[in-house]
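New to this one? Here is a quick walk through some of its local features, grouped by topic.

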Amino acid sequence: MSRRYLNLTPLPEALAAMRQAFPPGDHVETVPLRQAVGRVTAEPLYAEYSVPPADIAKFDGYAVKSSETLGAQDQRPLPLAEYARVNTGEVLPPPFDAVVMIEDTWDDGGIPRIRKSAAYGQHVRRAGEDIRAGELVLPKGHRVRPFDIGALATYGIDRVRVRSVLVGIVPTGSDLVPLGTAPAPGQTVETNTLMAEAYLTRTGATCRRYGIVPDDPALIREAVEKAVAENDLVILSAGSSAGTRDFSRDVVGALGEIVFHGIAVRPGKPVLLANVDGKPVLGTPGYPVAAQTVLREVAGNLLAWWGLSPLPCGELDVRLSRRLASDLGFDEFVPVSVGRVSGTCWATPHPRGGGIQMAVVRANGYLHIPAAREGIEGGEEVRVRLTVPPASIAHTLVCVGRRDPALSELGNRLSETGYLLHCCNASTMGAVLALRANTCHAATVALPETEEAWNDLVLRYLPDVDLLRVQVARTELGVASAGDLDADSLASLRFANRPKDTAARLLLDAWLDRQGIPADPPTGCADARVCPARVAEEAGLRFTPIGYESCDLVVRKDLAADDGVAALIRIARSPESHASPGSAGKGRNPT
């Protein structure tokens, strides 16, 4: 029997209910200093002793009595009568109170001479100048950084009490196989708990991953009971939705009290939170991107509430390159690629969905569409939470359009020049509109290899824009079918439908027209489809050529002087890229 969510709790209400149900506790442990990086201090840390412990020399030279150097001048150099040779960091011997650097003296018959008097305390580090015994080094609640370790060691601190949350992560699913096992059809490599461990560990939590638990309520119950007994927080991966093999709700509901099941967030709606023996059990969706959202927005929020440190996340105010629609009442998180084009930072969205991991991999940030909004208009200013260092945005090129494999190779070679290529998938029309709005550095368009297609689908919409065009891929397309194609079979042949204005559809329509067949062939359960020759060969189908598709990199000429764009064009035109360069595209002569 199908089950529905108990309700869809708004995200702010869900977070408030979670915090009320699970107040901060005394989660503390003591760790060796070298293990303290990334952890959050549970108490203030004070210096064990003063540094330096005594007056020391700042530089190599001579320790002197400052009063005995008075009167030294360029015209009247003064020999040092009483002095001691010292090296950097050595204790200043009494009764000396200053240091003259070795390069400010010269030797005259074995006696050092000076041309300038030394001030009291000159080139001397006083005892406690860095820090005095008992002085605060780090406050409570500080996330320990790598360079903090050296200071703590210097000040005599070799162990640190840190906030500690033990997180048990339990993967569920009969279809899961462990990392390193090639999945058979219907199987999936278990990766969500790897991701959860990596993410939560960086907040300062101590994570433990358990073995894969099949879709068996008794086994899931046993695993949850064990994890609850051994941890402060339990993450139950997958099984939180309402499918016939989703048992998480029934299991944790029998063991404790459901706090909420389902929140109004996308992706990540089927999230489950229960109170089992006073401890939170968080059920996350199986789709990876949905699971990421829950880890970031829910689990991360709980750990921050308990005193751990949220991951550093730079934010940037940018403009949205195109309109994004969203359902009212849902908080939505959308992966985007941010790049600076002609002095303005633009965010270009990637495909949305809980299972599209590569959208997140290809992105360098994400934006939040609040539940009170039905979308965000193109050109509107938005705040993006970056997933990369903010400085990298200046070295990011955004390319909108067809994501051909050739672009991946271009991106690999571009990275050697210090620039990153972010490819955002879009139709040919979407790519052309991005060029027109000047929201991207480059676009890729896939068209039939004809002047007519270039003029009708590109230049028509960019009549006053000077363009550079470089072919990056050329693919022969044809009709793949089980049997021979003849005049009798063509008329009734059902084709896999392809969107209009794509190269495949344009070439197919033109080919059918030459055969005397109507331009809109029957569709439905397909007898044939348009594809590259390699795809037909791999499927064991016959291949009838119908023409060539050209995938072109297109750049506005006014951006060509940008260092990153120039590097991209240079690489695309190089013999190694097997590209054939084109020429200006304004007017009638694009190639």
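What follows is a short briefing on charged pairs, a small sheet, a helix, a threonine and some unusual backbone spots.

Keep in mind that this is a predicted model. It holds 28 salt bridges, and a few of them are picked out below. After those come a sheet of 3 strands and helix α1, which covers residues 11-21.

**Salt bridges**

- As background, side chains of opposite charge can pair when their charged atoms come close.
- Take Arg126 and Asp55: their side chains meet in a salt bridge, with 2.7 Å from N to O. This pair ties together distant parts of the chain, 71 residues apart, with Arg126 in the loop between β10 (124-125) and β11 (136-138) and Asp55 in the loop between β2 (45-46) and β3 (56-57).
- Are Arg126 and Asp55 buried, exposed or something in between? Arg126 is partly exposed, at a relative accessible area of 25%, and Asp55 is also partly exposed, at 25% relative accessibility.
- Arg469 has a salt bridge too, with Asp552 as its partner and 2.7 Å between the closest N and O atoms. Here again distant parts of the chain are linked: Arg469 sits in strand β32 (residues 467-481) and Asp552 in strand β34 (residues 542-556), 83 residues apart.
- Arg469 and Asp552 are both buried.
- Some salt bridges share partners, and in this way Lys65, Glu68 and Glu82 are joined into one network.
- Arg373 and Glu380 make another salt bridge through their side chains, at 3.1 Å from N to O. Arg373 is partly exposed, with a relative accessible area of 30%, while Glu380 is partly exposed at 25% relative accessibility.

**A small open sheet**

- In what order do the 3 strands of the open sheet run? The order is β6-β4-β7, and the pairing is antiparallel.
- Strands β6 (83-86) and β7 (98-101) are at the edges; each has a single partner strand, so one side of each has no neighbour in the sheet.
- From one strand to the next, the twist averages 30 degrees.
- Strand β4 (residues 61-64) pairs with β7 over 4 bridges, in the antiparallel sense. Within that pair, Gly61 is opposite Met101 in β7.

**Helix α1 and its two faces**

- Some background first: an α-helix has 3.6 residues a turn, so residues three or four places apart point the same way.
- Which residues of α1 (residues 11-21) are buried? Leu11, Ala14, Leu15 and Met18 are. They sit on the same side of α1 because they cover an arc of only 95 degrees around the axis.
- That buried set packs against β18 (257-261), β20 (272-276), α6 (288-305) and β24 (331-341).
- Pro12, Glu13 and Gln20 are exposed, and they are carried on the face of α1 turned away from its buried side.

**Thr203 and its surroundings**

- You'll find Thr203 in the loop between α3 (192-202) and β16 (206-209). Thr203 is buried, at a relative accessible area of 4%.
- A polar atom of the Thr203 side chain lies 2.6 Å from the backbone oxygen of Leu200.
- Setting aside neighbours within four places in sequence, the residues in contact with Thr203 include Gly38, Val40, Arg143 and Leu303. Leu308, Ser309 and Leu311 are also among them.

**Backbone oddities**

- For context, most residues other than glycine have a negative phi, and most peptide bonds are trans.
- Which peptide bonds are cis? One is the bond from Val51 to Pro52, with omega near -5 degrees, and Pro52 is in the loop between β2 and β3. Another is the bond from Arg266 to Pro267, with omega near -10 degrees; Pro267 is in the loop between β19 (265-266) and β20.
- His123 has a positive phi, near 55 degrees, and is a residue other than glycine. His123 lies in the loop between β9 (111-114) and β10 and is partly exposed, with a relative accessible area of 22%.
- Asp277 is not a glycine either, yet its phi is positive at about 55 degrees. Asp277 lies in the loop between β20 and β21 (279-284), and at 65% relative accessibility Asp277 counts as exposed.

Notes
Residues numbered from 1 in each chain as written. Predicted model: local features only at pLDDT ≥ 70, side-chain atom pairs only at ≥ 80, totals over all residues. Heavy atoms only, no water. Salt bridge = Lys/Arg side-chain N within 4 Å of Asp/Glu carboxyl O. Buried < 20%, exposed > 50% of the residue type's maximum accessible area, 1.4 Å probe, protein only. Pairing = 2+ DSSP bridges. Axes fitted to C-alpha atoms, helices over the stretch in contact; angles between N-to-C directions. Polar contact = N/O pair within 3.5 Å; in protein donor to acceptor, adjacent residues only side chain to side chain. Contact = heavy atoms within 4.5 Å. Arc of directions from axis to C-beta.
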